[in-house]
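Visitor: Could you take me on a close look at the surroundings of the ligand, and then show me how that part fits into the rest of the fold? I would enjoy a connected tour rather than a list.

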Amino acid sequence: MTEFGPASWPPVPISTDRLVLRESEGRDRAAFIELFASPDVGTYLGGSRERSELEREIPETPGRRPGLFVVDFRGAMIGIVTLDRRDTARPGHVRPEADEFELGYMFLPDAWGCGYATEACMAVLDWFASSLPGEPVVLCTQTANVPSMRLAAKLGFSEVERFEEYAADQWFGIWTQATASEGLVSRYPSPPLRPPTGTVP
Ligand SMILES: CC(C)(COP(=O)(O)OP(=O)(O)OC[C@H]1O[C@@H](n2cnc3c(N)ncnc32)[C@H](O)[C@@H]1OP(=O)(O)O)[C@@H](O)C(=O)NCCC(=O)NCCS
């Protein structure tokens, strides 16, 4: 047993129409550095990090831990999707024990606008649902992060609450297999979630 129930980790690589979701490897290191050094990626995640610092600190095989999927397009990493237990001290929980799995995603800017994040997150949520049936997944994103808000809606997350954290308005939502089926019916809702009013290895 792993924390993902009977599912073993690392899982057998998951193939979608265009992508492969797999455990990280040494050859992904440059892409990890790119991801965390990118000011565009860091816009709603507290900013980017110095490339030189990342070069020094990032291990030879970064991000090798249960719940971190590298998203591979034609043999190269284009992003990551993560499932981690949400920190109990942070606001935003749906269970008394506050030990929900939280979905995270970060893609390299060159891979934005192609539907890769939707495709990858849907596959990860499917994998999660078959590993731990009935378990909810939560997601927290800044309301100002429009692409992320749209992604949450397409995946079938439902709003639980909004709150302020890190001096920004946050949207907090929940996904279950039930909300997912609704999401599949309206994968591209129109209009999307309310317009904006205003985290990994
Ligand atoms: C959040 C993030 C992953 C969203 O990426 P994205 O590429 O916009 O998301 P999607 O995969 O859903 O792609 C959707 C876009 O692809 C377009 N698209 C093109 N081809 C497509 C296809 N074959 N299938 C589906 N969508 C397609 C869609 O029309 C949509 O464009 P639109 O938003 O202009 O309508 C990305 O902005 C990111 O990595 N941001 C930095 C990290 C971050 O902020 N993470 C949030 C943590 S809470």
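**Around the ligand**

Guide: Happily! Of the 21 residues around the ligand, the ones that come nearest are Phe107, Gly115, Ala117, Thr118 and Pro147. Three elements, β5, α4 and α5, each give two or more residues to this shell. Of these, α5 contributes the largest share, with five residues. Sorted by class, the shell holds 12 nonpolar, seven polar and two charged residues. Please keep in mind throughout that we are looking at a predicted model.

Let us stay with α5 for a moment. This helix is mostly covered, with seven of its 10 residues buried. The buried ones are Ser148, Met149, Leu151, Ala152, Ala153, Lys154 and Leu155. Just after α5 comes Gly156, which has a positive phi near 95 degrees.

To see where these elements sit, step back to the whole chain. The protein chain has six helices and eight strands, and along the sequence they follow the pattern β-β-α-α-α-β-β-β-α-β-α-β-β-α. Buried residues account for 31% of the 201 residues in the protein chain.

The strands form an open sheet of eight, in the order β1-β2-β3-β4-β5-β6-β8-β7, and the pairing is mixed. At the edges stand β1 (14-15) and β7 (158-165); each has a single partner strand, so one side of each is left without a neighbour in the sheet. Our ligand-shell helix α5 packs on this sheet, where it touches β6 and β8, and its direction makes about 155 degrees with that of β6.

Now walk across the sheet, starting from the β1 edge. Strand β1 runs antiparallel to β2 (residues 20-22), and two bridges join them. Within this pair, Ser15 stands opposite Val20 of β2. Next, β2 pairs with β3, again in the antiparallel sense, over three bridges. Here Leu21 has Val71 in β3 as its bridge partner.

Strand β3 deserves a pause: five of its six residues are buried, so it is largely enclosed by the rest of the structure. On its way to β4 the direction reverses, as the two strands run antiparallel and are joined by six bridges. Asp72 stands opposite Met77 in β4. The hairpin that β3 and β4 make has two residues between the strands, and in this hairpin Arg74 takes a positive phi near 50 degrees.

Further along we come back towards the ligand shell, to which β5 gives two or more residues. Strand β5 is joined to β6 by two bridges, and these two run parallel. In that pair, Phe101 has Val137 of β6 as its bridge partner. Like β3 before it, β6 has five of its six residues buried, so β6 is largely enclosed by the rest of the structure.

What holds the strands and helices of this tour in one picture is the interior. In soluble globular proteins, nonpolar side chains tend to be buried together. Here the largest nonpolar core has 43 residues, and Val71, Val81, Ala120, Cys121 and Val124 touch the most other members. At least two residues of this core come from each of α1 (29-37), β3 (68-73), β4 (76-85), β5 (101-107), α4 (116-131), β6 (137-142), α5 (146-155) and β8 (168-175). It is α4 that gives the most to this core, with eight residues.

You will recognise some names in that list. The three elements that give two or more residues to the ligand shell, β5, α4 and α5, are also among those that supply at least two core residues each. For a view of how the core is put together locally, try Ala120. Setting aside its neighbours within four places in sequence, Ala120 is in contact with Thr16, Leu19, Leu21, Val71, Gly79 and Val81. Two of those contacts, Leu21 and Val71, are the bridge partners we passed on the walk from β2 to β3.

For contrast, finish in the segment before β1, which is where Trp9 has its place. With 13 C-beta neighbours inside 10 Å, Trp9 counts as partly exposed. Not counting residues up to four places away in sequence, Trp9 touches Thr2, Phe4 and Pro66. Trp9 also lies 8.7 Å from Glu23, C-alpha to C-alpha, with the two 14 residues apart in sequence.

Notes:
Residues numbered from 1 in each chain as written. Predicted model: local features only at pLDDT ≥ 70, side-chain atom pairs only at ≥ 80, totals over all residues. Core = buried A, V, L, I, M, F, W, Y, C linked by C-beta atoms within 7 Å. Buried ≥ 20, exposed ≤ 12 C-beta atoms within 10 Å, placed from the backbone. Helix = DSSP H or I, 4+ residues; strand = E, 2+ residues; numbered from the N terminus. Contact = placed C-beta atoms within 7 Å. Pairing = 2+ DSSP bridges. Axes fitted to C-alpha atoms, helices over the stretch in contact; angles between N-to-C directions. Near = placed C-beta within 6 Å. Nonpolar A, V, L, I, M, F, W, Y, C, P; charged D, E, K, R; others polar.
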